[in-house]
Amino acid sequence: NPKHPVNKGRLCAIGQAGLQTLYNPDRIKGPLKRSGPRGSGQYIEITWEEALGAISKNLVELEDKKDAQSAYLLTQPLRGSLKGLVSGFMAAYGSSNIVEYSLYDNKTLAVACKESMGVDALPYYDIANTNYLLSFGADFSTTWLSPVNLSMGYGEMRQGEGRGARGRLVQVEPRLSATGMSADEWVPAAPGTEGILALSMAYAIIEKGLAKGNDLSGWRSLLNKYRPEAVASVTDVSAEKIYRLAKEFAGNRPSLAIAGDTMASYSGGGACLAAVNVLNHVAGNLGISGGVLANPETAVNGTRPGRLGSLASLIEDASKSKVKALIIYNSNPVFTTPQSIKAKEALGNIPFIASFSSFMDETAVMADIILPSHTAIEDWGDDFPEPGPGIQAATISQPAVSPVFNTKGIGDIFLALAKKTGGKTAEKFAWAGYGDYLRDAWKGIYSANKEVAVGSLTFDDFWVKLLANGGWWEAGKDDKKTALSVNLKAAERLLQNEPCPFEGDPKDFPLYLVLHPHTRFRDGSTANNPWLQEVPDPVTSVVWGSWVEINPATASSLGIRQGDMAAIESPS
């Protein structure tokens, strides 16, 4: 829908390639039961009745032993009505053990915003209306947060419509990203020092009398140790350049600083992200158009990412034989975690594992029973975007095609499992299908927002319009002026005092390994899609392969040439 506030009808490469996910011959085509050793990949086909019966049998046995708490759920981060269904299923069954895990889940950014600005939701970065965009490793044109939305905003910023001037982009990062390649200026800061650079710019703004806000003397005192002259050698950015960037940033309001996944992934990455919030605060960019805006609450409580449990606690509990049954949905920790965490060994210690994966990945192959779920094109679903587009918005989808294989929707799997398990779980989830559950969930949204959004429409008319539009949003409501600020005392507790630490003795490990999500593969989970393998990488043009990026001078000193095979070793 070209009117949808999140993507205005556009799709990223992964969205475009969804058709090859739908028709991929490597999809799991029906329920499977393990027939060989765990991890061997040996399975036999069974019916849905048999598969659901095997899972419910294990759950009922634990329930009968008053041991429901030993059943765990490991899932990708969930939002919307599916989150309500899945968390409600576990609660009705009697277990509070839900772990949401994804390698890239914006959790560090959410915590940094909560602790420094006191906001529970990720803010909206109003790139479209800014004059000066300072990005600390935020590769927003490919992967960061909402790349379709932010890329369109970047296009508007560069056109300068309504402002009379073309917006400027400065990219600070140790690795030249696709976004960095389109910047007016690229600043290669030393890895792990980006937060220190942001704080040094904040000090320079105050020192030169360009700061906005109250208690500037307190901020000057707090930031004194980050004087450009004091941090230039640490950051590999000269004091002259720091002063120049600070002057440009403060002198071209509204300006906006953002911080990306590279910083978030450092040890102490939260302090780096908080430092960028401090820079925005000192420059007066919080709560204004073209700066950082507070997103409104979603239409329904409890639809945001759960921040529930932790993978580390699940692995520890499994290692101690506290986990008797595990259900896994679209999460692959065996692949995305270091071997030192021993995720595979921990899963091997669980008596019963069920997976609802569409593909046989490194974690699904550890399961005893596999119930393959639909792809998004085959299924019902809704979502409350995180971060939102600056207004209250929701997306909904209905099945576009009939199921290609013998699979079921993830919501339908949980509803069928509730019925098989019986007791309170069955009583609470008596819907015939997830489409019905979704419709009833939206009746609550309709009632709560009737005066604002739907006027005199009956629910049936509202539902038809909702499906036709692919979502619902408050087009006429302006929630962008909510006050935001960084608390001085909170900042004092959060600030980065030294470069983020890296593993290994520099004598033995002299290079930095900079990891990042990829525009086509993210954490590797879409690497089985031929279309995505065939799309040239925007930086290197590599297709059907992987590569190492090394500074040419460093490569020359190591005797490495273009096309060589390289082996990478780390302390982990």
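Analyst: Let's begin with a yardstick: a residue is called buried under 20% relative accessible area, exposed over 50%, and partly exposed in between. The model we are looking at is predicted.

User: Why is Asp 184 called partly exposed?

Analyst: Asp 184 has a relative accessibility of 38%. Partly exposed is the class between 20% and 50%, so Asp 184 counts as partly exposed.

User: How do you know which class Arg 158 counts in?

Analyst: Its relative accessibility is 11%. The buried class covers values under 20%, so Arg 158 counts as buried.

User: What makes the meeting of Asp 184 and Arg 158 a salt bridge?

Analyst: The cut-off is 4 Å between a side-chain nitrogen of Lys or Arg and a carboxyl oxygen of Asp or Glu. Here the N to O distance is 2.6 Å, so the pair qualifies as a salt bridge. The two residues come from distant parts of the chain, 26 residues apart: Asp 184 is in the loop between helix H7 and strand E8, and Arg 158 is in helix H6. In the whole structure there are 18 salt bridges.

User: Why can side chains of opposite charge pair?

Analyst: They can pair when their charged atoms come close.

User: How do you know that Arg 168 forms a salt bridge with Glu 185?

Analyst: Their closest N and O atoms are 3.2 Å apart, and the limit is 4 Å, so this pair is a salt bridge too. Arg 168 sits in strand E7 and Glu 185 in strand E8, so the salt bridge ties together parts that are 17 residues apart in sequence. Arg 168 is partly exposed at 28%, while Glu 185 is buried at 12%.

User: What makes Arg 168, Glu 185, Arg 244 and Glu 248 a network?

Analyst: These four residues are linked by salt bridges. Besides the pair we just met, Arg 244 forms a salt bridge with Glu 248, with closest N and O atoms 3.1 Å apart. Arg 244 and Glu 248 both lie in helix H11, four residues apart, which is about one turn of the helix. Arg 244 is partly exposed at 31%, while Glu 248 is among the buried residues of H11.

User: How do you know that the span of H11 agrees with its 13 residues?

Analyst: At 1.5 Å a residue, 13 residues should span 18 Å, and the end C-alpha atoms are 18 Å apart, so the two values agree. Helix H17 passes a similar check: its 12 residues should span 16 Å, and its end C-alpha atoms are 16 Å apart.

User: Why are E8 and E9 called the edges of the sheet?

Analyst: The sheet is open, with four strands in the order E8-E7-E6-E9 and parallel pairing. E8 and E9 each have a single partner strand, so one side of each is left without a neighbour in the sheet. From one strand to the next, the twist averages 15°.

User: What makes E6 and E7 partners?

Analyst: Pairing needs at least two bridges, and E6 and E7 are joined by five, so they count as a pair. In that pairing, Tyr 132 stands opposite Arg 168 in E7. Helix H11 packs on the sheet, touching E6, E7, E8 and E9, and its direction makes about 130° with that of E8. Helix H13 also packs on the sheet, touching E6 and E9, at about 175° to the direction of E9.

User: Which residues of the largest nonpolar core touch the most other members?

Analyst: They are Leu 134, Phe 136 and Leu 279, in a core of 72 residues. Helix H8 gives the largest share of this core, 10 residues. Leaving aside neighbours within four places in sequence, the contacts of Leu 134 include Val 170, Met 201 and Phe 249.

User: Why is Lys 342 called exposed?

Analyst: Its relative accessible area is 51%, and exposed means over 50%, so Lys 342 falls in that class. Lys 342 is in the loop between helix H15 and helix H16. Although Lys 342 is not a glycine, it has a positive phi of about 60°.

User: What makes the peptide bond from Arg 253 to Pro 254 stand out?

Analyst: This bond is cis, with omega near 0°. Pro 254 is placed in the loop between H11 and E9.

How values were computed
Residues are numbered from 1 along each chain as its sequence is written. This is a predicted model: local features need pLDDT of at least 70, side-chain atom pairs count only at pLDDT 80 or more; totals for chains, interfaces and linings use all residues. Side-chain values use heavy atoms; hydrogens and water are left out. Buried means under 20% relative accessible area, exposed over 50%, partly exposed in between (1.4 Å probe, protein chains only). The expected span of a helix is 1.5 Å times one less than its number of residues. A nonpolar core is a set of buried Ala, Val, Leu, Ile, Met, Phe, Trp, Tyr and Cys residues joined through side-chain atoms within 4.5 Å. Contact means heavy atoms within 4.5 Å. Axes are lines fitted to C-alpha atoms, for helices over the stretch in contact, and angles run from 0 to 180 degrees between N-to-C directions.
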